[in-house]
2 protein chains.
Amino acid sequence: MVTSSMILWGRLVSTRYIILGLLAQQPMSGYDIKSLFKDLSWLVDTPSYGSLYPTLHALLAEDLVSVSIGPGQGKPTRKLYAITVAGQTALQSWFRESATAGLSIRGFARRLVVASSLSGDDLKDHLMQRRSQVVGYLTRPKDTDGRRKGGSDQQLVHDYGTFIAKAELAWLDEQLSKLLS
Amino acid sequence: MVTSSMILWGRLVSTRYIILGLLAQQPMSGYDIKSLFKDLSWLVDTPSYGSLYPTLHALLAEDLVSVSIGPGQGKPTRKLYAITVAGQTALQSWFRESATAGLSIRGFARRLVVASSLSGDDLKDHLMQRRSQVVGYLTRPKDTDGRRKGGSDQQLVHDYGTFIAKAELAWLDEQLSKLLS
DNA sequence: CCACACATGTAATAGGTTACATGATTAT
DNA sequence: ATAATCATGTAACCTATTACATGTGTGG
């Protein structure tokens, strides 16, 4: 039975793929993944164990990852998850299909984690695509609407957004020049 | 009957309060709110109509907002929502209680929208609190763990995070010096 | 007359969090 | 001993998205 949700499975479903992206860099336990996310919490939301472990189980059931009982020398026994070949394929497909995804800083960071574990070309594409989105954002037309948006409306947040976007543009250019040299 | 979810009602529940924050700046329709969110999509997630309208209905049922049938000269009739006194109180309470909330750029932006509609002191507190969080992030100890994190692990994303954090710090200092002068 | 922006809404469902439950090992 | 960190998991519940449904007004 194919439900509509299964059609969506290959699309966004954020957490699945960022977890897969982390596992693509090296085998880890659920606990490790959680800690890594904590390091990234500045940019990406940290999933709770309540979604982390079930996701890992689902990925396992689909053969996108494999498990082995970790050595746990000293510390309690742990399950080491590793990405499979099928997992790598799925990850790459998702990354390429989700290329047109939105403009949020969070979405970019999420995909950046995944991109780091893929080919240099995928990374370069991601950065270049992002660059044009950021430029688009910075050159967006100022709205002078009659109804709402009375001039100073949301000024502060927009100012913040513009400032961050400019910084990001600088970062992107720096990274891209490194990649192209 | 008091359920545990009701206790949480005054806490995070993101969208409720950012909507309330937007309405605190001026009365708007659901459609207006959606457009405003689109402008902010760089920093904050845009809720879908499927959550926007029900949220508006809930806020209305709790007397945190009021409605009036908009003029709609030319365009189709619209419902103008406005924040009530109770709504303003609830907004301020939420803002102050959620002060210790996490460190994500998205969480900050969300609260920034709300802060813009509150007193200058609330805004100043928010910026100062954020400043110390950002400084904490930038001065966080580099981990040299044996098990995972093999040196260059997640390098790129961390680099990105650091770059953005530095930019944010500069912005915060700029804003704070404006507020204090 | 048709596409597009304006405008509001609901039902099914996916996705996530909270709170709970359990246990090993190390440092104080 | 006992607190803290390491480690895994589940059930109930909340929240949000997706997809659908409907209708007005404007411009080409």
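Accessible areas here come from the Shrake-Rupley method with a 1.4 Å probe, and only the protein chains shown count as cover for residues. With that in mind, select chain A of this predicted model: its accessible surface comes to about 9,000 Å², and carbon and sulfur atoms hold 57% of that area.

Keep chain A selected and colour it by secondary structure, which brings out 8 helices and 2 strands, arranged along the sequence as α-α-α-α-β-β-α-α-α-α. If you then shade the chain by burial, 44% of its 181 residues count as buried. A contact map of chain A, restricted to separations of 6 or more, has 58% of its contacts between residues 24 or more positions apart.

Next, bring chain B into view and select the residues in contact across the two chains, to which chain A and chain B contribute 51 residues each. The area buried between chain A and chain B is about 5,000 Å², with 61% of it given by carbon and sulfur atoms.

Within this interface, look for the 2 salt bridges counted between the chains, and centre the view on A:R106 and B:D45, whose side chains meet in one with an N to O distance of 2.7 Å. On the side of chain A that touches chain B, at least two residues each come from α2 (14-25), α3 (30-39), α6 (105-116), α7 (120-138) and α8 (155-180). Finish by selecting α8(A), which gives the most to that side, with 15 residues, and then colour the whole side of chain A that touches chain B by class, where 24 nonpolar, 12 polar and 15 charged residues appear.

How values were computed. Residues numbered from 1 in each chain as written. Chains lettered and ligands numbered in written order. Predicted model: local features only at pLDDT ≥ 70, side-chain atom pairs only at ≥ 80, totals over all residues. Heavy atoms only, no water. Helix = DSSP H or I, 4+ residues; strand = E, 2+ residues; numbered from the N terminus. Buried < 20%, exposed > 50% of the residue type's maximum accessible area, 1.4 Å probe, protein only. Contact = heavy atoms within 4.5 Å. Buried area = accessible area lost by both parts, 1.4 Å probe. Salt bridge = Lys/Arg side-chain N within 4 Å of Asp/Glu carboxyl O. Nonpolar A, V, L, I, M, F, W, Y, C, P; charged D, E, K, R; others polar.
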